[in-house]
Amino acid sequence: MALRQLYETQYFQGASPEGAKVIFIGRDANWKIDIEQDPIFPKVVEYLEDGVQFWDKYKTHHPFLLDQYKGDGRRYHKMFSKIGLTDQHKNEVSFVELLKFPTYGMAGKNRKDFLSHFLSDSNRSHLLMLDSLFQDQNKIIFIAWGLINDIKAMSAELNIFNKIKAIDMTALNINSVNSIQNIHIHKHFSDSISNDTLEKMKSIIEEKTY
């Protein structure tokens, strides 16, 4: 598939996580099964090949926000856009998933299958790279609330993500942004995330990027 081939050369969306200051961690790059037949797909290819250039050219961070797209995933990116970031942030923002390749409904429908891919040898170096991002105090890491427990459970027997494993979720407020050093935990963008949470996220980003 063309989409999978794109991910073989570039596993992230937006700017490179190595150079970006702001990293949004997701579970998996979940695309609709017929995305390659959708009229938006040429723009998806353009975006995945160079997310920085795409943001600069179209003045939006993701092709799902273009007028011609009406499918799944639009709400996530519409809510993300409410943070108020502009193309001036194009070199600073990266989206990185726990899996380094695209999926099609896997995370929500088959957790066992997702776990096997998460722990696979082919994904191991990717997980080590993510762990190094969490450790880097110069990175601003945003993670949705539910993903913290997922990471804890899926990596329980691995000597990685120890910084995440140490987080006590019972001491946190699900309706706000919870900051533990450089890691910031919030409601998922597809969930009932509040304007107050989005404003706090913007403040955290602006404090570190200007």
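This report describes the nonpolar cores, one helix, one strand residue and the salt bridges of a predicted model.

**Nonpolar cores**

The largest nonpolar core of the model contains 35 residues, and the members that touch the most others are F24, W31, V44, I83, F189 and M201. Two or more residues of this core come from each of the helices α1 (2-9), α2 (41-49), α3 (51-58), α4 (74-81) and α10 (195-209), and from each of the strands β2 (22-26), β4 (93-97) and β6 (140-144). Helix α2 provides the largest share, with 5 residues.

The surroundings of F189 can be listed individually. Leaving out residues up to four places away in sequence, F189 touches F24, R75, Y76, M79, F80, I83, L198 and M201. Among these contacts, F24, I83 and M201 are also named with F189 as the core members that touch the most others.

A second core, separate from the one just described, consists of 31 residues, including L98, I143, F161 and I183.

**Residue I183**

I183 belongs to strand β8, which spans residues 183-186. Its relative accessibility is 0%, and I183 therefore counts as buried, the limit being under 20%. When neighbours within four places in sequence are set aside, I183 is in contact with F134, I141, I143, K163, I164 and N178. One of these contacts, I143, is likewise named as a member of the second core. K139 lies 44 residues from I183 along the chain, and the C-alpha atoms of I183 and K139 are 8.5 Å apart.

**Helix α1**

Which residues of α1 are buried? They are L3, L6 and Y7. These residues cover an arc of only 95 degrees around the axis, so they lie on the same side of α1. Q5, E8 and T9 are exposed and sit on the face of α1 turned away from its buried side. The buried residues of α1 are covered by elements that include the strands β1 (13-14), β3 (29-30) and β5 (102-103), together with helix α2.

**Salt bridges**

Side chains of opposite charge can pair when their charged atoms come close. In this model there are 9 salt bridges. Three of them are set out below.

| Pair | Closest N to O distance |
|---|---|
| D56 and K59 | 3.6 Å |
| R124 and D121 | 4.0 Å |
| K200 and D196 | 3.3 Å |

The bridge between D56 and K59 is part of a network of salt bridges that links D56, K59, D87 and K90. D56 has a relative accessible area of 35% and is partly exposed, whereas K59, at 52%, counts as exposed.

R124 and D121 are both located in helix α7, residues 121-135, where they stand 3 residues apart, about one turn of the helix. R124 is partly exposed at 40% relative accessibility. D121, by contrast, reaches 67% and therefore counts as exposed, the limit being over 50%.

K200 and D196 share helix α10 and are 4 residues apart, again about one turn of the helix. K200 is partly exposed, with a relative accessible area of 34%, and D196 is also partly exposed, at 44%. Helix α10 is also one of the elements that give two or more residues to the largest nonpolar core.

Conventions: Residues are numbered from 1 along each chain as its sequence is written. This is a predicted model: local features need pLDDT of at least 70, side-chain atom pairs count only at pLDDT 80 or more; totals for chains, interfaces and linings use all residues. Side-chain values use heavy atoms; hydrogens and water are left out. A nonpolar core is a set of buried Ala, Val, Leu, Ile, Met, Phe, Trp, Tyr and Cys residues joined through side-chain atoms within 4.5 Å. Buried means under 20% relative accessible area, exposed over 50%, partly exposed in between (1.4 Å probe, protein chains only). Contact means heavy atoms within 4.5 Å. A salt bridge is a side-chain nitrogen of Lys or Arg within 4 Å of a carboxyl oxygen of Asp or Glu. The arc is that of the directions from the helix axis to the C-beta atoms.
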